Amino acid sequence: DEAYERTLACVGDLHDAQLDVPLREVLNPLRWELGHCAFFYDVFVLGVLGGAPLQMARAADLYDSFGIAHDDRWGLDLPGRAATLDYLARVRDAVVERLARSEPGPAETYLHLLALVHSDMHVEAFTYMRQTLGYPAPPLPGAQPALASGAGALPGDVAIDGGRWMLGATREAPFVFDNEKWAHEVELAPFRIARAPVTQSEFASFVDAGGYLDARLWSRAGWQWRQRAGALHPIYWQRGDGGWLRRDFDRMLPLEPHRPIVHVNWHEAQAWCRWAQRRLPTEAEWERAAATAGGSRSNWARSAPRSM
């Protein structure tokens, strides 16, 4: 129910013209996105578990992301807002009715969880698409307003001990994605990692120092991307009279110095690291550091070669 209400909230405040979006690599037609959320439940819950016919006869020709290429979604004869929301509601009602009839076993539970997290992933997609388009932030039920933090910088590194580390999901977890299977040991050398994420002020120093114009700081692929994109700073930044501003959905805000930097890609992050004489962590290092941070101090190594 919560996932369903969040999905509806992602478009509920938008007028019909705002649902028609330009063809871009990072967008989907918003009505397509809504219908796809319903279609996933329709196929992987109602269809797989009960053999039920689709709640919308032509849904597979419209919303199957495996069979419909991204750019082709703009040429589909998509139902209007009302018909799309009706499809979403009929699928939701059928799923709830099925759950009410019996206690789901392990296989059925897994499919319900898969469809649930799929819905949440698309709420994230609606959110970043609204950021991309400059729409207001989605009024998600239960969302808390961002707190105005008075915290300052948190400089310095933490040393993490090396050794063997279990990377991935265990078989006891109630739900995992296939790319998390299965936990396996990896060998980690001791390393150091920053106590806090790179901040906006730290990244602004890189921008102000001409980091976007220094090809030596970029990989070959990164420099080619920067030239094609014409990037001179993070995508949602612009200079104001008093310094850098960032676009937060439909608002321009002064850059909060200690807020973690977001909306930069791999190439930009890698270039910052070269400029700052750092490097990006590996997946295993990041997971190890995140897990260790909540543990006892006995998990911290007293000394380790600086690698980040």
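Phe126 touches Cys10, Val11, Leu30, Glu33 and Leu34, leaving aside residues up to four places away in sequence. Keep in mind as you look around that this is a predicted model.

**The nonpolar cores**

What larger group does Phe126 belong to? It is part of the largest nonpolar core, which has 36 residues. Phe126 is among the members that touch the most other members, along with Leu30, Tyr63, Tyr87 and Val91. The elements that give two or more residues to this core are H1, helix H3 (30–50), helix H4 (59–63), helix H5 (81–101) and H6. Helix H3 makes the largest contribution, with 10 residues. There is also a second, separate core of 16 residues, and it includes Val207, Trp218, Trp244 and Leu255. As background, nonpolar side chains tend to be buried together in soluble globular proteins.

**Salt bridges**

Now to the charged side chains. Side chains of opposite charge can pair when their charged atoms come close. How many salt bridges does a search of the whole structure find? The search finds 19. Here are three examples:

| Pair | Closest N to O distance |
|---|---|
| Arg6 and Asp120 | 2.6 Å |
| Glu185 and Arg164 | 2.5 Å |
| Arg239 and Asp208 | 3.0 Å |

Take the pair Arg6 and Asp120, which meet in a salt bridge. Arg6 lies in helix H1 (residues 2–12) and Asp120 in helix H6 (residues 106–133), so this pair ties together parts that are 114 residues apart in sequence. Asp120 has a relative accessibility of 26%, so it counts as partly exposed.

The side chains of Glu185 and Arg164 also meet in a salt bridge. Because Glu185 lies in strand S3 (residues 184–188) and Arg164 in strand S2 (residues 163–167), the pair ties together parts that are 21 residues apart in sequence. Glu185 is partly exposed, at 46% relative accessibility, and Arg164 is partly exposed as well, at 48%.

In the third pair, Arg239 forms a salt bridge with Asp208. This one links distant parts of the chain, with Arg239 in strand S5 (residues 237–240) and Asp208 in helix H7 (residues 200–208), 31 residues apart. Is Arg239 buried or exposed? At 55% relative accessibility, Arg239 counts as exposed, because the cut-off for exposed is over 50%. Asp208, with a relative accessible area of 47%, is partly exposed. Elsewhere, salt bridges that share partners join Arg246, Asp248, Arg251 and Glu256 into one network.

**Empty spaces**

Finally, let us turn to the gaps. Rolling a probe the size of a water molecule over the atoms shows where empty space is left. The count comes to one cavity of 30 Å³ or more, and the largest cavity has a volume of about 70 Å³. Among the residues that line it are Gln131, Gln200, Trp237, Arg246 and His263. By class, this lining has five nonpolar, three polar and three charged residues.

The second largest pocket holds about 400 Å³ of space. It is lined by 19 residues, and those closest to its centre are Asp1, Ala3, Tyr41, Val95 and Leu116. Which elements each supply at least two residues of this lining? They are H1, H3, H5 and H6. H5 gives the most, with six residues. The lining of this pocket divides into 12 nonpolar, three polar and four charged residues.

Definitions and conventions. Residues numbered from 1 in each chain as written. Predicted model: local features only at pLDDT ≥ 70, side-chain atom pairs only at ≥ 80, totals over all residues. Heavy atoms only, no water. 1 Å grid on protein atoms, 1.4 Å probe; cavity = no way out; pocket = protein on both sides within 12 Å on 5 of 7 lines; lining within 4 Å. Points joined across faces, edges and corners; volume = space filled by probe spheres on them. Nonpolar A, V, L, I, M, F, W, Y, C, P; charged D, E, K, R; others polar. Salt bridge = Lys/Arg side-chain N within 4 Å of Asp/Glu carboxyl O. Helix = DSSP H or I, 4+ residues; strand = E, 2+ residues; numbered from the N terminus. Buried < 20%, exposed > 50% of the residue type's maximum accessible area, 1.4 Å probe, protein only. Core = buried A, V, L, I, M, F, W, Y, C linked by side-chain atoms within 4.5 Å. Contact = heavy atoms within 4.5 Å.
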